[in-house]
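Subject: A structure for you to explore

Hi there,

Here is the structure I promised to pass on to you. Have a look at it first, and then read on for what turned up in it.

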Amino acid sequence: MAINFGFSSSSYDLEKKRKSEDSFAVPRISITQINDPHKVLGNDSDQPERETWSKGIQSLLLCLSMSVGLGNIWRFPNVAYNNGGGAFLIPYLLLLFIIGRPLYYLELILGQFSSQGPIKVWKMVPAFKGVGYAQVVSLVYVLIFYNYLMALSIFYIFASMQSCLPWTECHYPNGTFSVNGTTADGKPPSEYFWVTEVLQKSEDEHLSISWKLVLCLLLTWIIVYASVIKGTSSLGKMSYFTAIFPFFGLIVLLIISCLEEGAWEGIQFFFRPDLEKLMDINVWYKATEQSFFSLNIAYGSIIMVASYNKFSNNIYRDAILISVLDTVVNLLAGCVSFAVLGSLSFKYSKDISEVVDHEGLGLAFIVYPEALSTISFAPQLWSVMFFFMLFVLGVGSSMSQMETLLTVLKDRFPKLRRKIWLLSLSACFIFFLLGLPLTTTVGQQILVMLNNYGVGVAVFFYAVLEVVGVTWIYGLKNICDDVEFMLNKRPGIFWRFTWSVTAPFALMIIFVFGIIDAESTNKSSAPSWSTNVGWLLAGLALIQIPLWFIITIYKDPNKGFSKKLSNALKPADDWGPSDPVDNCEWKAQKNSNSSTKVIANGIATVSSAYANDGYKEDVF
């Protein structure tokens, strides 16, 4: 008679046992666990199960659409243009290799191993729980202004659907522009449209709201809501489109741009380095900042996406593939942008370095529209395609960011998983209301405030704490053991060295010198209220780190500060894989590794370890 002890025979899969030939094989289920099957299965009828991606490729595509976002199109070319063109590419690619890619892989590991969001993942080092909360607060700031940028894209999409593009001379009555195609104060039509029609700024500077932008913002949040309404199911389906379409759009726009006079000179400027710029620490600071913004590192979103993976998913492949494709998109977007700048340089007989005198959104919403309007064949078509591509890029990132916040709530209150549609609706409506101030005449100042104070500087600090907490406190050996248990492959010397040495020290040095240089050259024209509110927002995010450190110490039941601190820096009792069977095996392996240290016959143990395929390393 067959006896069912409450666990499936699949848990004995030989592949799952890492093809081990070691004589010290670790039993998967203990006698105690057999007597109490619920300790193995961990079933709780009151708690809905956590979702996973229906197909592994959905995780890859969502990570890709999240990494390949608006920053690749409007931010990367703008930063490259203002920091030496080709000279910027050298520190960017180098820092992407030694900081960006390793941290991306590390966050994928943390999410997949624990199957937890950016807060609960810090059960590995409870004292650092505040890092997760701080990341969530910063993510709130990003979501507010990110969807505003998407609303601007929708505004331009509808504006492009006219027989005469509204930022060209033919749209305005005779006499509005001078002979050289500028306004009385020297502004080109595209800038005039941006200031008067989009931002609705006037000389009296009274506070007003743009109802057109409000409607565009509402449409943006409706689309984001439709993307997250069913959790991983709807996210996975949307990722097919949001990850693939931008590549198609960029290639088409590059071909069209290269057909214009002067385009090739612009592309050459992009790849021609100004080596003197490499001596400027601010260029290295901006390169690191761009790699973080582009790959979405240290915001918690990558951990969220990986937390829905199957436990044995090949995230090593995903990390390499996504970082490479993200770099390709950056270079492709740079070629498109500088081809456009080259054509404008030819048109106005200016040097390429003098074509753009707008920072921030100026490149995307002033320079691009002007360049697209000069295309001889169907400029409306290319204008619609460009801004639709911008919107799709924004959706890919925004829906991932929203799901990160929803994941935090669902992990904290599992019963909310039964009402995902209601939870998503409530969150999207709240963020729509929070975004309304951006649609006013002071919206640009709020945007700069959220970006500079709420996100920019703080993310570097999060990244430093993240890599220090994982590799220095939790321990490099522990995280490597966890990766080997999960993927049957131990991280090679490249990953170990970049995680524990180059990434933390390079981040600290660039962060400190970048802040000092930025403060010494700061010539901001922002009003005092914007600066004060900005520091308040930054403080609200950063205060989470010491606040939750204190709360963790205070809640520890032990007596004595040293004992409380020691426990706060050790993994919690429930840290480990979320799947009960994987968790049992992982803990058994941990106990086995500890016990083998006192085995007298060490030579036999070492030989057995080297005979095990799972201990073989790749350099990368």
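Let's begin with Val483, which you will find in helix α17. The model is a predicted one, so please keep that in mind as you read. Is Val483 buried or exposed? Val483 counts as buried, because its relative accessibility is 0% and the cut-off for buried is under 20%. Now look for Phe113 as well: the C-alpha atoms of Val483 and Phe113 are 7.8 Å apart, although 370 residues separate the two along the chain.

**Charged pairs around helix α17**

Some background helps here. Side chains of opposite charge can pair when their charged atoms come close. In this model the count of salt bridges comes to 8.

One of them joins Asp481 to Lys477, with 2.8 Å between the closest N and O atoms. Where do these two residues sit relative to each other in helix α17? They are 4 residues apart, and therefore about one helical turn separates them. The general rule is worth learning: an α-helix has 3.6 residues a turn, so residues three or four places apart point the same way. The two partners differ in how they are covered, since Asp481 is buried at a relative accessible area of 12%, whereas Lys477 is exposed at 52%.

A second bridge brings together the side chains of Lys590 and Asp482, at 3.7 Å from N to O. This pair links distant parts of the chain: Lys590 belongs to helix α22 (residues 580–595) and Asp482 to helix α17, with 108 residues from one to the other. Lys590 is partly exposed, with a relative accessible area of 21%, while Asp482 is buried, with 1%. There is also a network here, in which salt bridges with shared partners join Lys477, Asp481, Glu484 and Arg490.

For a further bridge, go to Glu403 and Lys410, whose side chains meet at 2.9 Å from N to O. Are these two buried or exposed? Glu403 is buried, because its relative accessibility is 0%. Lys410 is buried too, with a relative accessible area of 2%.

**A nonpolar patch on the surface**

Helix α17 appears again in the next feature. Ten names are worth marking in your viewer: Trp472, Ile473, Ile493, Phe497, Val501, Phe505, Ile509, Val512, Phe513 and Ile516 form a nonpolar patch on the surface. Together they have about 910 Å² of accessible area. Which helices supply at least two residues each? They are α17 (443–487) and α18 (493–520). Of the contributors, α18 gives the most, with 8 residues.

Val512 is a good example to click on. This residue lies in helix α18 and is partly exposed, with a relative accessible area of 42%.

**Rings**

How many aromatic pairs are there? The count comes to 42. Ring pairs also build a cluster, which links Phe155, Tyr156, Trp167, Phe193, Trp194, Phe365, Tyr368, Phe386 and Phe387. A ring can have a charge over it as well: the charged end of Lys489 sits over the ring of Tyr316, 4.6 Å from the ring's centre.

**A helix you can check with arithmetic**

Helix α13 (residues 315–348) has 34 residues, and at 1.5 Å a residue it should span 50 Å. What is the distance between its end C-alpha atoms? They are 49 Å apart, which agrees with the expected span. Just after α13 comes Ser349, with a positive phi of about 55°.

**Positive phi in a loop**

That last value deserves a word of explanation. Most residues other than glycine have a negative phi, and most peptide bonds are trans. Two further residues with a positive phi can be found in the loop between α11 (281–295) and α12 (301–307). One of them is Asn296, which has a phi of about 70° although it is not a glycine. Asn296 counts as buried, at 5% relative accessibility. The other is Ala298, whose phi is near 70°. Ala298 is buried as well, with a relative accessible area of 1%.

Enjoy exploring, and write back with any questions you have!

Best wishes

How values were computed: Residues are numbered from 1 along each chain as its sequence is written. This is a predicted model: local features need pLDDT of at least 70, side-chain atom pairs count only at pLDDT 80 or more; totals for chains, interfaces and linings use all residues. Side-chain values use heavy atoms; hydrogens and water are left out. Patches are made of residues with over 30% relative accessible area and no salt bridge: like charges are joined within 9 Å, nonpolar side chains (Val, Leu, Ile, Met, Phe, Trp, Tyr) within 5 Å. Accessible areas come from the Shrake-Rupley method with a 1.4 Å probe; for residues, only the protein chains shown count as cover. A salt bridge is a side-chain nitrogen of Lys or Arg within 4 Å of a carboxyl oxygen of Asp or Glu. Buried means under 20% relative accessible area, exposed over 50%, partly exposed in between (1.4 Å probe, protein chains only). Rings of Phe, Tyr and Trp (its six-membered ring) pair if their centres lie within 6.5 Å; planes under 30 degrees apart count as stacked, over 60 as edge-to-face and the rest as tilted. A charge sits over a ring if NZ of Lys or CZ of Arg is within 6 Å of the ring centre and within 35 degrees of the ring normal. The expected span of a helix is 1.5 Å times one less than its number of residues.
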